[in-house]
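Reader: Before we turn to particular elements, I should like each term to be justified by its value. Please set the criteria against the numbers as we proceed.

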Amino acid sequence: TILYCAQVFENSARGTVVGTLSVLDPDNTDKNRQYHECVVLNHEEIFKIVKQRTLIVYNQTLNFEKQKIYYLQVLCYEIGFPSLSITKVFGIQVANVNEPPTP
């Protein structure tokens with residue numbers, strides 16, 4: 001099951017924000033702070049989570065003609081004991097940009 005599908009334009013610059021994750025720890029007694037980390041388990045060479053919740057284009061230029069959608073597996077885990085975790089799949093659609101033809 002795909003939890004969410006975001007869209008990002010092809011050729012987006014490194015650091016382009018794709019989306020923001022929201023994680024709620026059900027057994028956290030300090031509701032003002034969440035103690036967790038999230039990581040991309042696949043396509044980590046292209047996407048990265050920074051500041052615990054912001055998904056960005058990390059290290060490659062996205063190309064609509066090569067790949068139109070990425071399915072990211074994201075693991076979020078609690079820092080503490082007992083350590084709870086969850087893995088979800090997010091769809092990232094690459095939007096086409098009208099580019100001039102190359103000779």
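Author: Two strands are taken to pair if DSSP finds at least two bridges between them. The model discussed here is predicted.

Reader: How do you know that β6 and β7 pair?

Author: Nine bridges join strand β6 (residues 69-78) to strand β7 (residues 85-95). The criterion asks for at least two bridges, so the two strands count as paired. Their sense is antiparallel, and L72 stands opposite F90 in β7.

Reader: What lies between β6 and β7 in the hairpin?

Author: Six residues separate the two strands of this hairpin. In the turn, G80 has a positive phi of about 155°.

Reader: How many bridges support the pairing of β3 and β6?

Author: Five bridges support the pairing, and its sense is antiparallel. With at least two required, β3 and β6 therefore qualify as a pair. Opposite H36 stands E78 in β6.

Reader: What makes the link of C38 and C76 a disulfide?

Author: The S to S distance is 2.1 Å. The cut-off for a pair of cysteine sulfur atoms is within 2.5 Å, so C38 and C76 are joined by a disulfide. With 110° about the S-S bond, the link is right-handed. C38 lies in strand β3 and C76 in strand β6, so the disulfide ties together parts that are 38 residues apart in sequence. A search of the whole structure finds one disulfide.

Reader: Why is C38 called buried, and why is C76?

Author: Buried means under 20% relative accessible area. C38 has 5%, so C38 meets the criterion. C76 has 9% and therefore counts as buried too.

Reader: Which side chains of β6 are buried, and which are not?

Author: The side chains alternate along β6. Y70, L72, V74, C76 and E78 point to one face and are buried. I69, Y71, Q73, L75 and Y77 point to the other face and are not buried. Of the 103 residues of the protein chain, 30% count as buried.

Reader: Why is L41 called partly exposed?

Author: The relative accessibility of L41 is 42%. Buried means under 20% and exposed over 50%, so L41 falls in between and counts as partly exposed. L41 is placed in the loop between β3 (36-40) and β4.

Reader: Which residues form the nonpolar surface patch, and what makes L41 eligible for a patch?

Author: The patch consists of Y35, V39, L41, Y77 and I79, with about 410 Å² of accessible area together. Patch residues need over 30% relative accessible area, and L41, at 42%, therefore passes that cut-off.

Reader: Why are β2 and β4 said to stand at the edges?

Author: The order of the open sheet is β2-β5-β4, with antiparallel pairing. β2 (17-20) and β4 (47-50) each have a single partner strand, so one side of each is left without a neighbour in the sheet. From one strand to the next, the twist averages 25°. Between β4 and strand β5 (residues 54-57) there are four bridges, and K48 has I56 in β5 as its bridge partner.

Reader: How many helices and strands does the protein chain hold?

Author: The protein chain holds zero helices and seven strands.

Methods:
Residues numbered from 1 in each chain as written. Predicted model: local features only at pLDDT ≥ 70, side-chain atom pairs only at ≥ 80, totals over all residues. Heavy atoms only, no water. Axes fitted to C-alpha atoms, helices over the stretch in contact; angles between N-to-C directions. Patch = residues over 30% accessible without salt bridge, like charges linked within 9 Å, V, L, I, M, F, W, Y side chains within 5 Å. Areas by Shrake-Rupley, 256 points an atom, 1.4 Å probe, with all protein chains shown as cover. Salt bridge = Lys/Arg side-chain N within 4 Å of Asp/Glu carboxyl O. Buried < 20%, exposed > 50% of the residue type's maximum accessible area, 1.4 Å probe, protein only.
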